[in-house]
Amino acid sequence: KMLLATFNPKAMLQILDSRDVLLASKPASEKGTLFQYLRPGDYYVRMFIDVNGNGKWDTGDLATRRQPEEVYYYPKKLTLKANWDFEETWDYNKVPLLRQKPAELIKISAKKTP
């Protein structure tokens with residue numbers, strides 16, 4: 001369960017695996033967003049602010065001068081064990097945006113680009 005220290009009703013939370021692959025996506029809940037039935041392993045959490053409410057991350061548009069929707073990363077890996085629950089509170093403004101993405105995911109992103 002992921003609880004936002006500062007709730008934003010337009011926030012969408014996403015669970016990523018250790019290969020930076022999206023596994024689940026849900027709108028944030030003020031009482032905490034619950035992701036169930038994840039297998040034991042390492043996970044990362046990403047959040048974007050869904051300004052237009054379409055449920056997906058949108059890039060910017062130069063013609064209309066629209067900025068991309070803001071993306072935040074929970075700055076540490078979460079390790080889930082079998083039959084365990086955990087609850088994290090995330091202050092997504094605490095760490096500057098450019099330093100939020102976990103180092104393991106940055107290395108994977110660099111390998112994906114030619």
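What is the mean pLDDT of the chain, and what percentage of its residues reach 70 or more?

1. Confidence. This is a predicted model. The mean pLDDT of the chain is 89, with 94% of its residues at 70 or more. Strand S2 has the highest confidence, at a mean of 97, and helix H1 (residues 103-112) the lowest, at a mean of 74. Where pLDDT is low, the predicted coordinates should not be read in detail.

2. Strand S2. Residues 11-16 make up strand S2, and six of its six residues are buried. Ala 11, Leu 13 and Ile 15 point one way from the strand, while Met 12, Gln 14 and Leu 16 point the other way. Both sets of side chains belong to buried residues.

3. Pairing of S2. The strand has antiparallel partners in S4, through six bridges, and in S3, through five bridges. Towards S4, Met 12 has Phe 48 as its bridge partner, and Leu 16 stands opposite Tyr 44. Towards S3, Gln 14 is the bridge partner of Ser 25. The hairpin of S2 and S3 has five residues between the strands, and Asp 20 takes a positive phi there, near 70 degrees.

4. Strand S4. In this strand, which spans residues 41-49, seven of the nine residues are buried. Besides its pairing with S2, S4 runs antiparallel to S5 (residues 71-73), with three bridges between them. Three bridges also join S4 to S6 (residues 78-80), again in the antiparallel sense. Individual pairs in these two ladders include Phe 48 with Val 71 of S5 and Asp 42 with Thr 79 of S6. Phe 48 thus appears as a bridge partner of Met 12 and of Val 71.

5. Val 71. This residue of S5 counts as partly exposed because its relative accessibility is 28%. Beyond residues up to four places away in sequence, Val 71 touches Arg 46, Met 47, Phe 48, Trp 57 and Leu 97. The C-alpha atoms of Val 71 and Ala 11 are 9.6 Å apart, although 60 residues separate the two along the chain.

6. Glu 69. What does the side chain of this buried residue, which has no salt bridge, have as its nearest side chain of opposite charge? That side chain is Arg 66, at 6.8 Å. Glu 69 is found in the loop between S4 and S5, and its side chain reaches the backbone nitrogen of Val 51 at 3.0 Å. With neighbours within four places in sequence left aside, the contacts of Glu 69 include Phe 48, Ile 49, Asp 50 and Val 51. Asn 52, Lys 56, Trp 57 and Asp 58 are also in contact with Glu 69.

7. Thr 33. The loop between S3 (22-27) and S4 holds Thr 33, which counts as buried because its relative accessibility is 3%. A polar atom of its side chain lies 3.0 Å from the backbone nitrogen of Ser 29. Leaving out residues up to four places away in sequence, Thr 33 touches Lys 1, Met 2, Leu 13, Lys 26, Pro 27 and Ala 28.

8. Salt bridges: Arg 19 and Asp 17. The whole structure contains three salt bridges. In one of them, Arg 19 and Asp 17 have their closest N and O atoms 3.1 Å apart. Arg 19 is exposed, with a relative accessible area of 55%, whereas Asp 17 is buried, at 9%.

9. Salt bridges: Asp 42 and Lys 77. Here the closest N and O atoms are 3.8 Å apart. The pair links distant parts of the chain, with Asp 42 in S4 and Lys 77 in the loop between S5 and S6, 35 residues apart. Asp 42 counts as partly exposed at 29% relative accessibility, and Lys 77 counts as partly exposed at 36%.

10. Salt bridges: Lys 76 and Glu 88. The closest N and O atoms of this pair are 4.0 Å apart. Lys 76 lies in the loop between S5 and S6 and Glu 88 in strand S7 (residues 88-90), so the salt bridge ties together parts that are twelve residues apart in sequence. Lys 76 counts as partly exposed, at 44% relative accessibility. For Glu 88 the value is 19%, and the residue counts as buried because the limit is under 20%.

Note on methods: Residues numbered from 1 in each chain as written. Predicted model: local features only at pLDDT ≥ 70, side-chain atom pairs only at ≥ 80, totals over all residues. Heavy atoms only, no water. Buried < 20%, exposed > 50% of the residue type's maximum accessible area, 1.4 Å probe, protein only. Helix = DSSP H or I, 4+ residues; strand = E, 2+ residues; numbered from the N terminus. Pairing = 2+ DSSP bridges. Lys, Arg positive; Asp, Glu negative; His and termini not counted. Polar contact = N/O pair within 3.5 Å; in protein donor to acceptor, adjacent residues only side chain to side chain. Contact = heavy atoms within 4.5 Å. pLDDT = per-residue confidence, 0-100.
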